[in-house]
Amino acid sequence: MKTSSPAAGREAEPVLDIEDLTVTIGTRRGQARAVAGVDWSVRAGQTLALVGESGSGKSMTVLAATGLAPRAARVTGRVRLLGEELTTLSEPRRRRLRGRHVGFVFQDPMTSLNPVLTVGRQVSEACEEHLGMTRRQARDRAVELLDLVGIPSPGRRVAEYPHQFSGGMRQRVVIAMALACEPALLIADEPTTALDVTTQAQIVELVADLRRRLGTAVVWITHDLGVVAGVADTVAVMYGGRIVERGDVDAVFAAPAHPYTRGLLAARPDPERAGGDLPAIQGAPPSPLELPPGCAFWPRCPVRGDARCEHELPPLVEVTRGHEVRTFYPGGEDA
Ligand SMILES: Nc1ncnc2c1ncn2[C@@H]1O[C@H](COP(=O)(O)OP(=O)(O)OP(=O)(O)O)[C@@H](O)[C@H]1O
Ligand SMILES: [Mg+2]
């Protein structure tokens, strides 16, 4: 079986490779295009941050890519996980591949935890199912994993229930569950949003450390650009279901080329700057039910541009090597 030795191919090819992914969801009010022609890939040991306002399609991109989109969604495009084309696989086969190679961490740890099972049981379940361990081996592995994610006294706490853990500790348990099978890919969707700042920083450091030690590829979804600089190598900014800018974090932060990215960066809370209102981006994001034909950011754009922006979709073009942007006015020069 090709997927039994993912490590061999990890260096050479992306762990997850998405090409022209489009997700259309049938709703009572019409067809919602949640994701429109998204491409990106992430390699072993790398972190890709997906950023953008609420509703920009971040979660739907990773859910559709891994076969978890809602039933009403039509998904097109190509998705390769460890070189295997996922979109054409049968559902049972895709579920196995996902269970074995992808770990998920969502915003609210309680959605991933079963309140009536001990945390040890929940962490060890995947080891039994996917790694063929005995119950005893899997329990020992659970203790190891709880220790790995920094839970004190793991030998005792393994027998406790989720309600006996604090929010930050629960999120660590979820990370332990996600890492149980040493996945090639970790998908973290707003994993620190519900946590206090100190715990946030600890979780960020924990994932960075695990990525370095285990070579895991990470996709980190957040609307907090402050987090991005600390966790990611590359960043993809989404707006209205499309990528509007992407590149190395340093390049994008040093010279954001899209007016939307500049707006997000300007609205980022600066710990050095006390008080004062942040310059929020005026207006609201577009509805996925009626995306405009041109640049979706046009109605809110401070550069504003011209009729071309309103009617013609700007292509994603390279501004510097590996740094791409979807605007007719990179850098914000006047129309
Ligand atoms: N089950 C669904 N049915 C219909 N539309 C949906 C469904 N799930 C998501 N959408 C729509 O798809 C679009 C993208 O949603 P998505 O959840 O990917 O956004 P997001 O970028 O993750 O936002 P957030 O930051 O709030 O999590 C949104 O406009 C949303 O309303
Ligand atoms: Mg989301």
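**Entry 1: the shell around ligand 1**

I sorted the residues of the shell around ligand 1 by type and got 5 nonpolar, 6 polar and 2 charged. I note here that the model is predicted. In it, 13 residues surround ligand 1. I wrote down the closest: Ser54, Gly55, Lys58, Ser59 and Met60.

Next I looked up which elements supply the shell. Strand S1, residues 16–27, gives at least two residues, and helix H2, residues 58–65, also gives at least two. The largest share comes from H2, with 3 residues.

**Entry 2: polar contacts of ligand 1**

I went through the distances from oxygen atoms of ligand 1. In the side chain of serine 54, an N or O atom lies 2.5 Å from an oxygen atom of the ligand. For serine 59, I found 2.8 Å between a ligand oxygen atom and an N or O atom of the side chain. At glycine 57 the partner is a polar backbone atom, 3.0 Å from an oxygen atom of ligand 1.

How much of ligand 1 does the protein bury? Taken alone, the ligand exposes 630 Å², and the protein buries 65% of that.

**Entry 3: the sheet with S1**

I followed S1 from the ligand shell into its sheet. The sheet is open and has 4 strands in the order S2-S1-S4-S5, with antiparallel pairing. Strands S2 (30–42) and S5 (84–85) stand at the edges; each has a single partner strand, so one side of each is left without a neighbour in the sheet.

I then checked the pairing of S1 with S4, which covers residues 73–81. The two strands pair in the antiparallel sense over 8 bridges. Which residue of S4 is the bridge partner of threonine 24? I found arginine 74 there.

**Entry 4: the hairpin of S11 and S12**

Further along the chain I looked at strand S11, residues 317–320, and strand S12, residues 323–325. They run antiparallel and are joined by 3 bridges. Glutamate 318 stands opposite another glutamate, residue 324 in S12. The hairpin has 2 residues between its strands, and glycine 322 takes a positive phi near 80°.

**Entry 5: confidence**

Last, I looked up how confident the prediction is. The protein chain averages a pLDDT of 90, and 93% of the residues score at least 70. Where does pLDDT stay under 50? I found this over residues 1–10, for which the model has 15 contacts beyond four places in sequence. Predicted coordinates should not be read in detail where pLDDT is low. I therefore leave the details of such coordinates out of my notes.

Methods
Residues numbered from 1 in each chain as written. Chains lettered and ligands numbered in written order. Heavy atoms only, no water. pLDDT = per-residue confidence, 0-100. Contact = heavy atoms within 4.5 Å. Near = heavy atom within 4 Å. Polar contact = N/O pair within 3.5 Å; in protein donor to acceptor, adjacent residues only side chain to side chain. Areas by Shrake-Rupley, 256 points an atom, 1.4 Å probe, with all protein chains shown as cover. Nonpolar A, V, L, I, M, F, W, Y, C, P; charged D, E, K, R; others polar. Pairing = 2+ DSSP bridges.
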